[in-house]
Amino acid sequence: MDSLTCDTARRLLDPSLDGELEATTQLAFDAHLAACAACREARAGRLALIEGVKSQTRRHTAPDGLRQRLALQLAAAAPPPPSTALPSRRRAWLTGGAWASSVAALAASLMLFLATPGQQDSLDRDLLNAHLRSLVPDHLTDVQSTDQHTVKPWFNGRLPLSPPVPNLAGDGFPLVGGRLDYLDQRPAAALVYRHARHIINLFVWPAAGTAAQPPHLDSRNGYNLLQWSKDGMAYAAVSDLNRPELEGFQRLWEKSAVDNDAPAPR
Amino acid sequence: MHERTPASPQDDKSRWFQQIVLPHLDAAYNLAAWLTRQPADAEDVVQEAMLRALRFADGCREATAKSWLLRIVRNVAYDRLTASGGLALFADLNPDDPDGSGFTTDAFGGTTEDPESRLLKDQDRRQLDRLIALLPLPYREVLVLRELEELSYKEIAEVAAIPIGTVMSRLARARDWLHKAWSERNG
């Protein structure tokens, strides 16, 4: 039975479409609509408007640059770390004085901010921290070259391994350069590739005695981490690339690395 | 691998913040962009809001994290707009005036701000965007929170610090105005 006036029904129109009416009120509203063509038409018009706004209005998404700045800023805002074990090790290991200590401080605060228990978590955290750190201006590469024959020898004498350095420019992943990094308190090679606007850090480090493992994907804070191991070496690709593209990169890289040469622990 | 037991706020505030608050970053940015109507300002607002959120993280509950964060974003955006005079622009419109005077499409023709050219470029495809950007702030925020962030009236009331009845009336009037403006421009 219709117990509502059109004025009342029009006031209930929006909350009704938004699912905000109590059941009894909604029933009364529906009963009025069944009896009133004008209010039915008003409802149809309103529904079309709402659906138009929902489907056509732009929902802004946070730019990548903002995400990265936030990770650094939030890290800086976190309280000082209880332990400085990592920075001191880093400092001893790195040669650049001021650069090393500022990166170490940054790393320590990021470590704290991203602190999570568990070995895998700890490695994920290291990987993501290293990736974020590399995005700080001028921290991306130690050796900047698109030439694999420049990048590969650069690691000689700096690392106990000689990673394969395929250039995948022909496949849309040009080599940007290489860098020394530090994961799980051990040195690692970081190969830097680019895909459109996206940076990919591929970390390579010795993992003797570890069984070969197929690629395994993790997501953290909007970044994808793809990890695998093979022939006593561990690999991790970290990027804001989406999953299929990062997996595509991994397959290309593996294939080219096998074609070129195997990583040889020295 | 990522299953974790819930941490107390003191246990690891940072980790908790990452898991509970950061996933709403896009929502925060969307609201900031719609309130400020300028991408650069929106980034600043979100950065400031996130730092505030981290500082006051103890006040956040997981179930209401999104509206909690959006309320902070909204407050930061209002602070900025007030400081830059952006709010005064709409002061004489008296958007709470119940008779609706001033709340017509014509009322926005004389504003000196030109949101179209800043945030919204493609005239045809972005017509709705442009119309929404023209809405006075109190109406725009309610509309964006409802249609784009899909918050309930209760959540919108918390974000905008207004009674639920005001949410309802502002939303209805924002939609009335949009409908009218849209009809006028599209015959």
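This briefing covers a sheet in chain A, helix packing in chains A and B, three loop residues and model confidence.

The model is predicted: local features need pLDDT of at least 70, side-chain atom pairs count only at pLDDT 80 or more, and totals for chains, interfaces and linings use all residues. Residues are numbered from 1 along each chain as its sequence is written, chains are lettered from A and ligands numbered from 1 in the order in which they are written, and side-chain values use heavy atoms, with hydrogens and water left out. Helices (H or I, at least four residues) and strands (E, at least two) are DSSP runs, numbered from the N terminus.

**The sheet of chain A**

- Chain A holds an open sheet of seven strands, in the order 1-3-4-5-8-7-6, with antiparallel pairing.
- Strand 1 (143-144) and strand 6 (213-220) of chain A stand at the edges with a single partner strand each, so one side of each has no neighbour in the sheet.
- Two strands count as paired if DSSP finds at least two bridges between them.
- Strands of a sheet pair through backbone hydrogen bonds, either parallel or antiparallel.
- Strand 6 of chain A is joined to strand 7 (residues 223-230) of chain A by six bridges, and the two run antiparallel.
- Opposite H216(A) stands Q227(A) in strand 7 of chain A.
- Helix 8 (residues 148-155) of chain A lies across strand 1, strand 3 (175-183) and strand 4 (186-195) of chain A.
- This helix runs at about 15 degrees to strand 3 of chain A.

**Strand 8 of chain A and its partners**

- Seven of the seven residues of strand 8 (residues 233-239) of chain A are buried (under 20% relative accessible area, 1.4 Å probe, protein chains only), so the strand is largely enclosed by the rest of the structure.
- M233(A), Y235(A), A237(A) and S239(A) point one way from strand 8 of chain A, while A234(A), A236(A) and V238(A) point the other way.
- Strand 5 (residues 198-206) of chain A runs antiparallel to strand 8 of chain A, joined by seven bridges.
- In that pairing, P206(A) stands opposite M233(A).
- Strand 7 of chain A also pairs with strand 8 of chain A in the antiparallel sense, over seven bridges.
- Here K230(A) stands opposite M233(A).

**Loop residues**

- The hairpin of strand 7 and strand 8 of chain A has two residues between the strands.
- D231(A) lies in this loop and has a positive phi of about 55 degrees although it is not a glycine.
- D231(A) is exposed (over 50% relative accessible area), at 56%.
- R197(A) sits in the loop between strand 4 and strand 5 of chain A and is exposed, with a relative accessible area of 64%.
- R197(A) and D64(A) are 133 residues apart in sequence but 9.8 Å apart in space, C-alpha to C-alpha.
- A161(B) is in the loop between helix 8 (153-160) and helix 9 of chain B, and its phi is also positive, near 55 degrees.
- A161(B) is partly exposed (between the 20% and 50% cut-offs), with a relative accessible area of 48%.

**Helix packing**

- Axes are lines fitted to C-alpha atoms, for helices over the stretch in contact, and angles run from 0 to 180 degrees between N-to-C directions.
- Helix 2 (residues 23-35) and helix 3 (residues 37-56) of chain A pack at about 110 degrees, with axes 6 Å apart.
- That makes the two helices of chain A roughly perpendicular (65 to 115 degrees).
- F29(A), H32(A), L33(A), A34(A) and A35(A) in helix 2 of chain A meet A37(A), C39(A), R40(A) and R43(A) in helix 3 of chain A, contact meaning heavy atoms within 4.5 Å.
- Helix 7 (residues 137-148) and helix 9 (residues 164-185) of chain B pack at about 95 degrees, with axes 9 Å apart.
- These two helices of chain B are therefore roughly perpendicular to each other.
- Residues in this contact include Y139(B) and L143(B) of helix 7 and L171(B) and L178(B) of helix 9.

**Confidence in chain B**

- Chain B has a mean pLDDT (the predictor's confidence in each residue, from 0 to 100) of 77, and 71% of its residues reach 70 or more.
- Within chain B, confidence is lowest in helix 5 (residues 115-119), at a mean of 44, and highest in helix 8, at 96.
- Residues 1-11 of chain B stay under 50 in pLDDT, with 19 contacts beyond four places in sequence in the model.
- Residues 88-122 of chain B are also below 50, with 55 contacts beyond near neighbours in sequence.

Notes: Parallel < 35°, antiparallel > 145°, perpendicular 65-115°, else oblique.
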